[in-house]
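Thanks, everyone. I would like to spend a few minutes on aromatic contacts, so please have a look at the model on the screen before I go on.

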Amino acid sequence: MRIKNRDLILEFLGKCYENESRGATTSDISKTLQMQRTNVSKLLNELCAEGLVEKDSTNYPVIYRRTKMGKSREAQIFETLIGYDGSLKRAVHLAKSAVLYPKKSLNMLLLAKHGTGKDLFIRKIFEFAVASDVCAEDAPFVKMNCLYYKDNAEEMNAKFNEGLIASENGFFFIDNCHFLDAESKTHLSTILDNSYVKNPDIDHAPIIVCSMPPMMSSDAFFDNITSKISIIISLPELNERGLYERFKFIEKFFCNEAHESGCQIKVNSEVLIALLLYPCDNIKQLFHDIRQACASAYSRELEVEKEAINVLIVDFSHNVRSGLLNYKNKRMDVDNIIREESDYVFNSDKLSILDIRPKENESIYDWINAKKLELHKRGFSSSEINTIVNVGIETEFNKYRKNLFNNTINKEQLSQLVDSKIIELVDDLLAKASSLLNRYYAASIHYGLCLHIQALVGKRVATHPIKIEKMMEFIEHNKEEYSLAMSLCDRITAAYDIELPIDEIVIIAMFLCTHNVGDDQSRHPSLLVAMHGVGVAKALAETVKILNDMTIYSYDLSLNKKPLDAYEDIKQTVLNIPHENGILIVYDMGSLKDIFNMVAIETGIRIKLIELPVTLMLMDFCRKLMLSENVNDAYDVLVNRFKSLDASAEYETMKKSKAIVSFCMTGEGGAVQIKRYIEQQFKLEGIEIIPVQLAEQSLFLQELNTISKEKEILCIVGTFNPNVYGIPFIPIEDIFNSDNHDLSQLLYQDNLNKQDFLSNSETIFEHLAKELKNIDALEAKDKLIQFIFDVEKDMGIVVEMNEKIGLLVHLACTLDRLKAGNITPNNLNKEEVIRKNMYLYRIIVKHMIELEKAFSVNVSDDEICNIIYILKKSRS
């Protein structure tokens, strides 16, 4: 029996689904299955109507996918949430974990501001519990908003008790729980305590979900409730959810309005850009702004019979319109989502995109004229029109150039369209550009430039001015291209007796800025190169960009900048890079890996890391060459060491041998002399002496870090103490005045600074053992010392002895106080302290977990801020 075409299409899309493909376009299916495109399009529309295929109209061309197959009901519950696999991925995971916890579901605390979608999220948790058979189909869902009763404690308590009874064996959602009266808080605390105990008498108790805003985390009730609830879920604000998720909200709200009004709603790309970029951190605010604009448009066009309501930019408030001013800085991210020169038509159940691009033979000037007229009709002011046109000139130029290239096939055809003199001028220009810029140009560049100049000379049109700031920015970054374009314009002026303004020189220079017109890369993952040093990553990125014609981003971490100080800078760099499809980061060494991992967790951006330890390798080369008598010996050692391409793996698997570092301020010669003296006078089997020049403290520390990756540094020998935490220092005079036995003792001693600290801590804890009533001082000592060492290591700094002792005492007394049930006083500047020291805050919290577990206490953010103060004092 002959297989039907619709079944073949379903089978093909099913294979795409199994292979985790992005889907297929009408053209893909037509070519693969050898069907007529019109028939494929018709069948796809039928399959979409039947729910067997889904259409993604946000892509161009439109992509079709097989609807999700083989997933259980509960697995699909959260997938209706926008961002379920993006910004809400962590929240969804925690919610599922709480519901499916063995024997008894866990209670939850939701930290979310008003307008972040908390009600819908809680409803989805309840639906998931029902679908997973944790709750019965008829299980109750009870919500109590404590805000409504905050001024009436008696009514609050009554409603709370009613809710507990009504929600038995179901869900009890306590919104704004921080407003509960004292009696209800005590009652809730008791219930949460008992929920950890398996007791038949309370098995009917509901799953309790409490909710409060994040800023209430300084409240004493927050400390109390978090000590009793294991699952704490945070929902991000709208401005933390990425532009793509924001667009999906915009699409959803416009479709809702289309359903409510019974009419199609049509908006242009400028409206969507404004909605994407205006200041708004609240989903409800976005919804109300869209509804207000739709109501305004509906009222305006009520008397006119139209298939669609046109929502214009003038229908929105000034606050929404201000989003267009941010387009310049966010253009790359926006262009990944919004198609320019398109109208977006929203129906109750789908979005359609209409292409309204001008004819391909129009010039860049025709586009400027048409764009200005269109924006004027839509109600934009003159300043807004100039901003939009100038920001879009570069993008439109690339489209214009591609159209010119596509219309030309070869030189023979070109000679019939363009004056031979122009062809000669362009030939000379590209020859000079290739030589000067070390860049090869495709034939399409030649064709496009010839056609553009022919149109310019033939029409003798007056150019439309580009904003001076835009021109100066372009010229500053493309000086050589601008100079070449200027020489060409001079020759055009002499040959055709026309004056060309600076605007036209800039447009011609744009042709020279890229050597080919490749495929659109805006939908590809981004590449970021991160290196230690000044300009290292930038130079690498620019070199590869020239050779590969792909935008590569870079970040240079100064050797003098601490990871603690670099965190916010690096996070902002990542956020500014197009990241909808993820970012691949190539880094050289050090703490960059940890920082990027933390950024990925905080932002939800998909980040993959590859270590390329070129800096470590070169430093190793230098060290080996300095210790070798000839290049052959050094070469043999290094080739053997790095024979594997995975150099990072070599560093990790290499067994560490012991080493002593000798150094000198005046140059490597003094360090080498110290090395030779030790080797000649003393027998130190299995220990390598490594000479290092101490010309700059930061470089010296970097060199020590490199050595420590493959060597255990026993000590540093030199003329003065470089104060390197964790490595003992031995003065050179002690080396010269010691015999073999004494020297061995010196070389094998532990870290002197560490020993001093440990020695002082013994005395301190002898005293504390008499004072501390609620914890075992001797048990606490080792854990607290380890906490301080771990924080120091992650911070990359050395805490001064006085601050270290002070922190040790402070921590011991804090644990004793918390164990007694006392609460840390509120820190009024807590929010600001954490915001300014987020990297340090995360380090402290990371290591504080072990102390909290060991002593069964909960250390609040107020206390974390006190620790930050102590550590910051040490750094100042």
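Let me begin with a term: I call a residue buried when its relative accessible area is under 20%. Please also keep in mind that what you see here is a predicted model.

A pair of aromatic rings is described by the distance of the centres and the angle of the planes. With rings paired if their centres lie within 6.5 Å, the count in this model comes to 11 aromatic pairs. One of them joins Phe247 and Tyr344, whose ring centres are 6.4 Å apart and whose planes meet at 75°, so this pair is edge-to-face. Because Phe247 belongs to helix α10, residues 242-261, while Tyr344 belongs to strand β10, residues 342-346, the pair ties together parts that are 97 residues apart in sequence. As for their surroundings, Phe247 and Tyr344 are both buried in the sense I gave at the start.

Helix α10 also contributes Phe253, which pairs with Phe287 of helix α12, residues 283-300, and thereby links distant parts of the chain, 34 residues apart. Here the ring centres of Phe253 and Phe287 are 5.3 Å apart with the planes at 70°, so this pair too is edge-to-face. Phe253 has a relative accessible area of 8%, and is therefore buried.

Elsewhere, ring pairs join Phe78, Phe121 and Phe128 into a cluster.

Finally, I turn to charges over rings. The charged end of Lys185 is placed over the ring of Phe221, at 4.8 Å from its centre, and Arg246 lies over the face of Tyr278, 5.1 Å from the ring centre.

Conventions. Residues are numbered from 1 along each chain as its sequence is written. This is a predicted model: local features need pLDDT of at least 70, side-chain atom pairs count only at pLDDT 80 or more; totals for chains, interfaces and linings use all residues. Side-chain values use heavy atoms; hydrogens and water are left out. Rings of Phe, Tyr and Trp (its six-membered ring) pair if their centres lie within 6.5 Å; planes under 30 degrees apart count as stacked, over 60 as edge-to-face and the rest as tilted. Helices (H or I, at least four residues) and strands (E, at least two) are DSSP runs, numbered from the N terminus. Buried means under 20% relative accessible area, exposed over 50%, partly exposed in between (1.4 Å probe, protein chains only). A charge sits over a ring if NZ of Lys or CZ of Arg is within 6 Å of the ring centre and within 35 degrees of the ring normal.
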